[in-house]
Structure formats: structure tokens, C-alpha cells
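Subject: Structure for your review

Dear colleague,

I am handing over the structure below, and after it you will find my notes on what was found. Please read them alongside the coordinates.

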There are 2 protein chains.
Amino acid sequence: MQTELSKRLGIEHAVFGFTPFPAVAAAISRAGGFGVLGAVRYTAPDELERDLDWLDAHAEGRPYGLDVVMPAKKVEGVGEADVEAMIPEGHRRFVRDTLARHGVPELAEGEASGWRITGWMEQVARAQLDVAFDRPVKLLANALGSPPADVVARAHDHGVLVAALAGSARHARKHQEAGIDIVVAQGYEAGGHTGEIASMVLTPEVVEAVDPLPVLSAGGIGSGPQVAAAFSLGAQGVWLGSLWLTTTEADLHSPALTRKLLAAGSGDTVRSRALTGKPARQLRTGWTDAWDDPAGPGTLPMPLQGLLVAEAVSRIQKYEVEPLLGTPVGQIVGRMTSERSVQAVFDDLTRGFEQAVDRVNRIAGRSGQS
Amino acid sequence: MQTELSKRLGIEHAVFGFTPFPAVAAAISRAGGFGVLGAVRYTAPDELERDLDWLDAHAEGRPYGLDVVMPAKKVEGVGEADVEAMIPEGHRRFVRDTLARHGVPELAEGEASGWRITGWMEQVARAQLDVAFDRPVKLLANALGSPPADVVARAHDHGVLVAALAGSARHARKHQEAGIDIVVAQGYEAGGHTGEIASMVLTPEVVEAVDPLPVLSAGGIGSGPQVAAAFSLGAQGVWLGSLWLTTTEADLHSPALTRKLLAAGSGDTVRSRALTGKPARQLRTGWTDAWDDPAGPGTLPMPLQGLLVAEAVSRIQKYEVEPLLGTPVGQIVGRMTSERSVQAVFDDLTRGFEQAVDRVNRIAGRSGQS
């Protein structure tokens, strides 16, 4: 699975794997793909430093990347406390009531909330960049809009390629104007923040919109035939996130969550604002149902919703409160039915890809395949 | 584009085209595909008879099919008048008010509503079947659920294959149990009634669920690369509907609607219950906005909603009231940017397919392609 982009990056397969786990990112790069570590869950730069060093030591010299969440728009002089103060009391009460109704225990006194999405705050993301640029990171991805111009310039000065996610051709063109090197076309069926246009339509539309920039297809890809489909649509690579959540190298810290993922079907996700305030696909749970219920208070805009629910999500995860327990994941979750190693996933992807290419060649009447 | 199914049906390309227009269906079959005439807009059997005879005379001996809307569940002794009586007065008032707000003229006295979705009623659909079985129709498709067992048996007695649309693997398996021959996997991005699972995920899931039954991929397909993607995913054919709406052979009776379709982007559709009471993808308009507005009365269940809005939709179409003017169409509408003949569409599909196969072969390292 070699494209111009994979050759440029010096990788064997044009398969990009986004993951919050350094062990998974390292295994993806070792398997011949391109591991991208998600930085959004890191609040302290030294934790990211430690994990990137670990990743570098375990990638066997293969390239890897970092994914940050950096809004292009900057709100000067606004800190976490100011944002906290904007959250209405009625919403805080709704969180408390929902947790109480499901008997979710409190955290122990002094125990910090382990799960905070503070990586979205510009100051946090910039500190992460300082860490990244000191290390041999080869690609910087941004999940929300184009990164600021000075960040793009700094990346290019360091020889780092910049990728950005787009849910529409219009967003993709904005990235191109901002000097981005690679566009990730994130379809409706993807896990995490998504738009409403499905990969089958979005990928070729983005490919045509930003030509000759390389495009990665994201959303709905978890098997070799789906990789072949993305390449048919003009992608120069695929961007997979969900599929790694149930690999043996992943560490969800929750056997119950792993069980839920393995049991879920493609219809068991929902595109909800419950987690961050922007529509993000995730497992449908009692938690998303509560926020999506028209009788409830509804969600707050980003970043308020993320701050509002951070502690609650930590408690739900820590105590594995099954009816509320969820995670961002795409519709491909229906294909995640057993725990496998990252290498086994790659073997399955490449084998399935070859079979799909055989099938399409037969349909095209090109059976004398070399 | 030859698959086992296309060989079995004796067609050149495994491209199935669903259309309400006999001229389009005939042109699709003449171009080497398989034209399928939608019967839902026919209220009188003799009109369908006339159009099927015309189609047969213009298909140059190529095979074609008929698509009916027949619910598997039968409601004994309930006629149109009984259903009309179930519509609340508040909903009728909302229709009148919305039309008045946009200055939509009344139909002339005695002028019949030209646009009625009564084909969904079992008695209408059964009369249509009598017409179809008297003619050389080679495939019978059903848009809502499996057709009743006696209809499947009658089709098979006449040597007619039966296809049914499915939005999930579970629905697809039900069709298989009902003795259906072909499953159409209708993705989220498709025009008309759709589920929430996108084609990239749905097609391979349905292929695996009903193996060895042949599956057609529907939703998001309007170019050769998308056809190649569907074949990669295991489909034995593609089912296209939206793409024909702006062909020169189509007759929308509305230049304004054609203009709207040519101008619309992939983000200009919505999955709304406004037209039939079940979620159906269509152009987003002032009409769908009114029904989807939480401040409005909301839609009624099928078949009430369809009866409630039938006359209104006729008036909107007849007088081309642009802000309200819409039609079922998929996200592929963004690719429909010029009026072309059906043959030109086929030429584009086959050329784009070959290019996509070339691209995937290069990525697979199989450049010595015969």
C-alpha cells in the first residue's frame, strides 16, 4: 500500500493510526504504518515528554506523529477559571442529578480528575508543541481547524508536515490556504468530531478540492476492502482511529469499556455534543441519551461542555458505571469483535486489501494480474 | 463492470439505475446498465401499463425492472379515507399556514393533485404487480421491508428476481429469510429513505451478513471511483438513483428544481421525515425546515404524513415556489453540476472506474496491468 505520500514519509503502508496510547502508536509505526499520538488527554507537558520519549525508544527508528487540538481562533487572557465561571448552575445540577440517578460514586478526597480535555486550550497545546518540536516528530496533526500561521511556519522550519482534519470541501480549501500539507477527510461515520457528509462522498470531494495536496480518508475504515475503497476514491492514505481501541497494546483502563466496544454493532454509536459541545461520534450510552434528550437542559458550546463533564466522565470511567460508560468511536466499532495485536490488525488489512484488489480487477476484466 | 449478478441478468455493466422516468430507465438499459422504474408515483394501473409498454418498446430488448413500495404488514380493510380521518386538524392548519406564509397559490378548481404517494398502499401496489407480471419485467424491487411471501413466490414463478432495500445487516438478514434474491444496502448518504449507517460501513457488513446473496451498494455513488469503491467493499453491483435526476432524459417538470439540484452541494441535503413520515434524505428547503423545527407540530407517522402533505407538495412543485421546492436526493447531489445524457453519465462512470482501478493497482504495486 504505497502512495506518493507514504514514499515521502518513508513508510511501508499508507496507513495512519491515530491513538491516545504510546504503545499503540509505536506498534503501528513498527508494523510499517504511521503512528500518530493524540495529545489532547495530556495536561502536563512533562507527561507528554515522557510518553514521546518512550514512543521514540520503541518505534525502531520508524517515523511517527503527534495530534494536537489547537483552535485557530485565540481568546486572549482567558484561563480555565474564567471558562468554568461561564457554566450555568442548572447544567451543573443536571450533571449531579444524572450521576446520582445512576449511583456513580464520588472521587476520593484529593483525587484528581484523571480525564480532562484541557488540551484544547491554546496555552496547553502550545506547550505540547514545544515538546514535539524538540523531538523527531515527523507529522503534526490538528483536529480542530487549521493551526495558527506561526505554528505551521514553525513546523515547516523543523521539517515537520502539518495535517488537518476537514469535514467538508470548504474546510479543506481553508486548510490549503493556511499552508497545510495533508488534509484528513473525516467522514460522518468516523469516531470523534465529525460533520454530516459520509466518506464515500466526502473523500473524492476533498481530493478534488485541494488537488494536488494529498488527502487521507478517515471514517468507516477498519478492513482491507475499506482501505481499497478509500484508495479508489483518490485518497493517498487512510487515517484509522477507532480500530486500535481494542488492540492488545491499547490500555483503556477499563475491562468493562473494552467489553462494550467488542459487543457494540455499527448502529450503536451516536453523533452527540455530550462530550465536548461539538458533534462527536461515540458509543450511545445513558450519558449521551441524557444530554440528547429534548427534556434535558441540552449541551453547552465548546469548551464549556468539556469542562462541565470532565469530572463526571472520570468518575464514570473509574467506577466503570456500565450504563453511562462510553468513548468516542466510529461506526466501524461493529467490526471490532476481538482483541488483536496491532500487527494482527495490519496483517488483516493488507490481506483484505489484496483480496479486494483481486475482486475489483476481476470485475474490470483484468484477470491476468501481475 | 461484470459481476456474477450482471452476467446472470445479461447486462454489460453491474450498474442499476432507479428512476421515476420511463425514458431514463430505457436509456439506462440501452447503455448497458439495468433500468428500474419507480412505481410509487403511479396511482392508476393503466398509467403504469402505458409507461411500462413504452419502456419495453424503447429498451431495445435489454432487461429492466420495477420498484414498488409494498409494506410487508397488511392493514385489512383500511382505505385512504380512513387514513385521512386520522390526521389531526392542527397539522392541517400548519400545512395551510406554511403555504400561506410563502404565498403558494391554490390548485385550480377540479384540478387533481398530481403528486400523491399512494403507491405505498397495499391495494395500489398489488394492482401494479398485476401489470408488471404481465410484462417482461426481470426484477422487482421493494423499497420498504420484504414483500409479502405470496408476492415473492409469484415473482419467482414468473422468473422475476426480487430485490429489497436494507439499511442494516439485521434488515438484510430478514430479507434473506423472506426468500429475497438481491439485497440493496442503502447507506445513510443515499437519497430517499435511509438509515444511519454510511455505505463505507454498511455495504461490507451486509455483504457478510447475507453471503452468498448478491448485494448492491446504494448511497453516495455517482462517479467511477465510487463505483470502484463499492466493488472493493464486496458489492456485486451499484444502485444509483439521484444521479439520473439531472440527465437530459429526466423530466422533473420544473426548471427551477433542476436549477436547485445543479446548484446544491453535498451539504445541502437533510434526512427528514417531512415527506413521508419516515427519515428520507432530500434537498433541505424551507419546507423541511418547517417540519424539522422543534417549535412546529412535528411530522406524523407513515402513511399519515405523506397523505397530509401530498396536495401541498403538488402546489409547491406546480408553482415552483423556490424556497420550498425540493425532492428526495442523496449527498451525491454535489456532483450533479450539469445536465448530461444517460449515455454520457455511463461513459463517465466507466472511464472513472478504469482510472480508479489503475490507481489502486499502482498502490498495490501491480503496475503491469493487463
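Chain A is superposed on chain B by a rotation of 180° with 0.0 Å of shift along its axis, at an RMSD of 0.0 Å, the fit being by least squares on the C-alpha atoms of residues with pLDDT of at least 70 in both copies. The two copies are thus related as by a two-fold rotation axis. Of the residues of chain A, A:Ala229 comes closest to that rotation axis, with its C-alpha at 2.0 Å.

As to conventions, this is a predicted model, in which local features need pLDDT of at least 70 and side-chain atom pairs count only at pLDDT 80 or more, while totals for chains, interfaces and linings use all residues. Residues are numbered from 1 along each chain as its sequence is written, chains are lettered from A and ligands numbered from 1 in the order in which they are written, and side-chain values use heavy atoms, with hydrogens and water left out.

The contact (heavy atoms within 4.5 Å) takes 47 residues from chain A and 47 residues from chain B. About 3800 Å² is buried between chain A and chain B, with carbon and sulfur atoms giving 54% of that area; buried area here is the accessible area (1.4 Å probe) that two parts lose on being put together, summed over both. A:Met200, A:Ile363 and A:Arg366 supply 21% of the area that chain A buries against chain B, more than any other three residues.

Turning to polar interactions, six salt bridges are found across the interface of chain A and chain B, where a salt bridge is a side-chain nitrogen of Lys or Arg within 4 Å of a carboxyl oxygen of Asp or Glu. The side chains of A:Arg335 and B:Glu208 meet in a salt bridge, at 3.3 Å from N to O. On the side of chain A that touches chain B, α9 (199-210), α10 (224-232) and α14 (342-363) of chain A each supply at least two residues, helices being DSSP runs (H or I) of at least four residues and strands runs (E) of at least two, numbered from the N terminus. The largest share of that side, ten residues, comes from α14(A).

Lastly, B:Thr246 lies in the loop between β9 (237-240) and α11 (255-263) of chain B. At 4% relative accessibility, B:Thr246 counts as buried (under 20% relative accessible area, with a 1.4 Å probe and protein chains only). Leaving aside residues up to four places away in sequence, B:Thr246 touches B:Leu261, B:Leu262, B:Met336, B:Ser338, B:Glu339 and B:Arg340.

With best regards

Terms used:
Buried means under 20% relative accessible area, exposed over 50%, partly exposed in between (1.4 Å probe, protein chains only).
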